[in-house]
Amino acid sequence: MAKTSKTNSGKSARARKAANLRLIVQIFFFALIALVAVNHALEEAGKAIPVLSSASLHAICPFGGVVSVYQFITAGTFVRKIHSASFILMWIVFALALFLGPVFCGWVCPFGSIQEWFGKLGKKIFRRRYNRLIPYKYDRILRYLRYLMLGWAVYMTAVTGTLVFADIDPYFALFNFWTSEVAIGGLIILTAVLVLSLAVERPFCKYACPYGALLGVFNLFRIFKVRRNTSTCINCKACDRSCPMNIPVSTSGAVRHHQCISCLKCTSEQVCPVENTVELTTIKLETLAEEAAS
Ligand code: SF4
Ligand code: SF4
């Protein structure tokens, strides 16, 4: 009994450490982007902070690189406000996604983070009903809306040569709400998403984010996958309950769902109560266990 509680406390300490690590990374990127946005505004008033880049958020947005691809190929130029840095970041995020899936969404994107933080308040309000309020039959269809958004943003940027998505982009609105650069549509969507985040975890990521849609495709062929060992799983469903994107981990061998954001909450490091049962790995866990036993 004493041994079991020692093991459990060791596991919960590890789980806390893993969750804290992600939180620290999220806070770091949130603060960094906020600083860049504030510095850009100061720069326009001639008071920029030395050392810091005076780039606008558009210039360092990897999705800006994605919507600029057509113009870059056909005319060799970037869409207005987009910078070569967007292209470089786009390739870095793609390379990361090839190995680990959409870690950008789960660890870096400040707009994903703020939805998650609003969700913490929502969990207190809705308790067990939090993140389970939209009936499954509607939810599973609504999740494909973000691919429509992706197609629309890429197509419209290509034909107009302007950042059409910027006018409704809640991420841009969040970090520029005090400036005249933000369209009213962006502010309305920002408010709606933050309010909805109290009831649904990461609603913008689930239903509307075009960049998340694109990165989600990498879940089909990423090298390191979240894998479940079917022979040690006790079917407690703790992994399903922990998943912010409502992915049924407990019935998956390897998670290939287009909405996984690589947050790793479902793993044995964090929520799964059985050691080595949900892991981020390249090889089937059953094979690893057989190799260890032989
Ligand atoms: S499946 Fe696991 S890693 Fe993927 S989003 Fe859900 S909890 Fe996070
Ligand atoms: S939390 Fe672990 S043991 Fe429980 S259902 Fe998920 S994989 Fe199986």
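**Two ligand sites, two helices and a few loop residues**

Let me begin in a loop, with A166, which lies between helices α7 and α8, the latter being residues 170-176; helices here are DSSP runs of H or I with at least four residues, strands are runs of E with at least two, and both are numbered from the N terminus. What is the relative accessible area of A166? The value is 17%, so A166 is buried, where buried means under 20% relative accessible area, exposed over 50% and partly exposed in between, using a 1.4 Å probe and protein chains only. A166 and T179 are 13 residues apart in sequence, and their C-alpha atoms are 14 Å apart in space.

Before going on, I should say that this is a predicted model, in which local features need pLDDT of at least 70 and side-chain atom pairs count only at pLDDT 80 or more, while totals for chains, interfaces and linings use all residues. Residues are numbered from 1 along each chain as its sequence is written, chains are lettered from A and ligands numbered from 1 in the order in which they are written, and side-chain values use heavy atoms, with hydrogens and water left out.

Turning to α7 itself, the 16 residues of this helix, residues 145-160, should span 22 Å at 1.5 Å a residue, and its end C-alpha atoms are indeed 22 Å apart, which agrees; the expected span is 1.5 Å times one less than the number of residues. Its buried residues are R146, L150, A153 and T157. They cover an arc of only 70° around the axis, which puts them on the same side of α7, the arc being that of the directions from the helix axis to the C-beta atoms. On the face turned away from that buried side, α7 carries the exposed residues L148, Y155 and V159.

Helix α3 can be described in a similar way: it has 17 residues, 84-100, and reaches 24 Å from its first C-alpha to its last, close to the 24 Å expected at 1.5 Å a residue. Buried in α3 are S86, F87, M90, V93, F94 and A97. Seen down the axis of α3, these buried residues fall within an arc of 125°, so they line one face of the helix, whereas the face turned away from the buried side carries the exposed residues I88 and W91.

Now to the ligands. Which residues are around ligand 1? They are V226, C243, P244, V249, C260, I261, S262, C263, L264 and C266, a residue being near a molecule if one of its heavy atoms lies within 4 Å of it. By class, this shell has nine nonpolar, one polar and no charged residues. Around ligand 2 there are 14 residues, and the closest are C233, C236, K237, C239 and C272; by class, that shell has nine nonpolar, three polar and two charged residues. In this scheme Ala, Val, Leu, Ile, Met, Phe, Trp, Tyr, Cys and Pro count as nonpolar, Asp, Glu, Lys and Arg as charged, and the others, Gly among them, as polar.

L264, one of the residues around ligand 1, is found in the loop between α12, residues 238-242, and β2, residues 278-281. Most residues other than glycine have a negative phi. Phi of L264, however, is near 70°, a positive value, and N276, in the loop between α12 and β2, has a positive phi near 55°.
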